[in-house]
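Open the model in your viewer and keep a selection box at hand. The stops below follow one after another, each with something to select and what is found there.

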Amino acid sequence: MAKGYWVSVYPAISDPEGLTAYDKLAGPAVQAGGGRLLSRGSRIVAHEAGITQRVVLIEFDSFEQAVAAYESEAYQKALTALPDGYERDFRITEGID
């Protein structure tokens, strides 16, 4: 079974500390949904579009599990804590089996 991944890129964050409330809710919601944090924007070398802002990569055992975790009540609550002034490109993608 192919794994599922959440890929988030934040091209613009006006208030990085503002993500704290979201992080406190999203972390447990992701773990409860079976997600494993693989990367959270440590070192980045950007090419092409040149976006060097925060990148988050989370792995799930399946694509369906990744979708269900996003749609969960706990993660939807976390989304309401995202601050104004953030811009995020969020995708759920299926891995190669």
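Start with E71: it is exposed, because its relative accessible area is 57%, where exposed means over 50%, buried under 20% and partly exposed in between (1.4 Å probe, protein chains only). E71 sits in helix α2; helices (H or I, at least four residues) and strands (E, at least two) are DSSP runs, numbered from the N terminus. Measure nothing yet; simply add G33 to the selection, and the two C-alpha atoms are 9.8 Å apart with their positions 38 residues apart along the chain.

Two notes on reading the model. It is a predicted model, in which local features need pLDDT of at least 70 and side-chain atom pairs count only at pLDDT 80 or more, while totals for chains, interfaces and linings use all residues. Residues are numbered from 1 along each chain as its sequence is written, and side-chain values use heavy atoms, with hydrogens and water left out.

**The helix over the sheet**

Select residues 63-71, which make up helix α2. This helix lies across β1, β3 (55-60) and β4, and its direction is at about 150° to β4. Such angles run from 0 to 180 degrees between N-to-C directions, with axes as lines fitted to C-alpha atoms, for helices over the stretch in contact. Contact means heavy atoms within 4.5 Å.

**The sheet**

Now hide the helix and show the strands. In what order do the strands of the open sheet come? The order is β2-β3-β1-β4, 4 strands with antiparallel pairing. The edge strands, each pairing on one side only, are β2 (36-40) and β4 (86-94). Neighbouring strands are turned by 15° against each other on average, direction ignored. Two strands pair if DSSP finds at least two bridges between them. Strands of a sheet pair through backbone hydrogen bonds, either parallel or antiparallel.

Go through the pairs one at a time:

- β2 with β3: 4 bridges, antiparallel. Select R40 and, opposite it in β3, V56.
- β3 with β1: 6 bridges, antiparallel. V9 stands opposite V55, and Y5 stands opposite E59.
- β1 with β4: 8 bridges, antiparallel. The bridge partner of V7 is R91, and that of I13 is Y86.

**Along β1**

Select W6, in strand β1. Is W6 buried or exposed? W6 is buried, because its relative accessible area is 3%. Beyond residues up to four places away in sequence, W6 touches V30, V56, L57, I58, F60, A66, A69, Y70, Y75, F90, R91 and I92. For a distant reference point, pick A49: its C-alpha is 20 Å from that of W6, and the two are 43 residues apart in sequence.

Next take S8, also placed in β1 (residues 4-13). S8 counts as buried because its relative accessibility is 4%. Its contacts, leaving aside neighbours within four places in sequence, are R54, V55, V56, R88, D89 and F90. In a regular strand the side chains alternate between the two faces of the sheet.

**Across to β4**

Select F90, which lies in strand β4. Leaving aside neighbours within four places in sequence, F90 is in contact with W6, V7, S8, Y70 and Y75. Add I13 to the selection: its C-alpha is 14 Å from that of F90, and the two are 77 residues apart along the chain.

**The largest pocket**

Finish at the largest pocket, with about 260 Å³ of space. A pocket is an open set of points on a 1 Å grid over the protein atoms alone, with protein on both sides within 12 Å along at least five of seven lines; lining residues have an atom within 4 Å of a point. Points are joined across faces, edges and corners, and the volume is the space filled by probe spheres set on them.

Select A26, G27, V30, L37 and I58, the closest to the pocket centre of the 19 lining residues. Which element gives the largest share of the lining? Helix α1 does, with 6 residues. β1, α1 (20-32), β2, β3 and β4 each supply at least two. Coloured by class, the lining divides into 10 nonpolar, 4 polar and 5 charged residues; Ala, Val, Leu, Ile, Met, Phe, Trp, Tyr, Cys and Pro count as nonpolar, Asp, Glu, Lys and Arg as charged, and the others, Gly among them, as polar.

Conventions. 1 Å grid on protein atoms, 1.4 Å probe; cavity = no way out; pocket = protein on both sides within 12 Å on 5 of 7 lines; lining within 4 Å.
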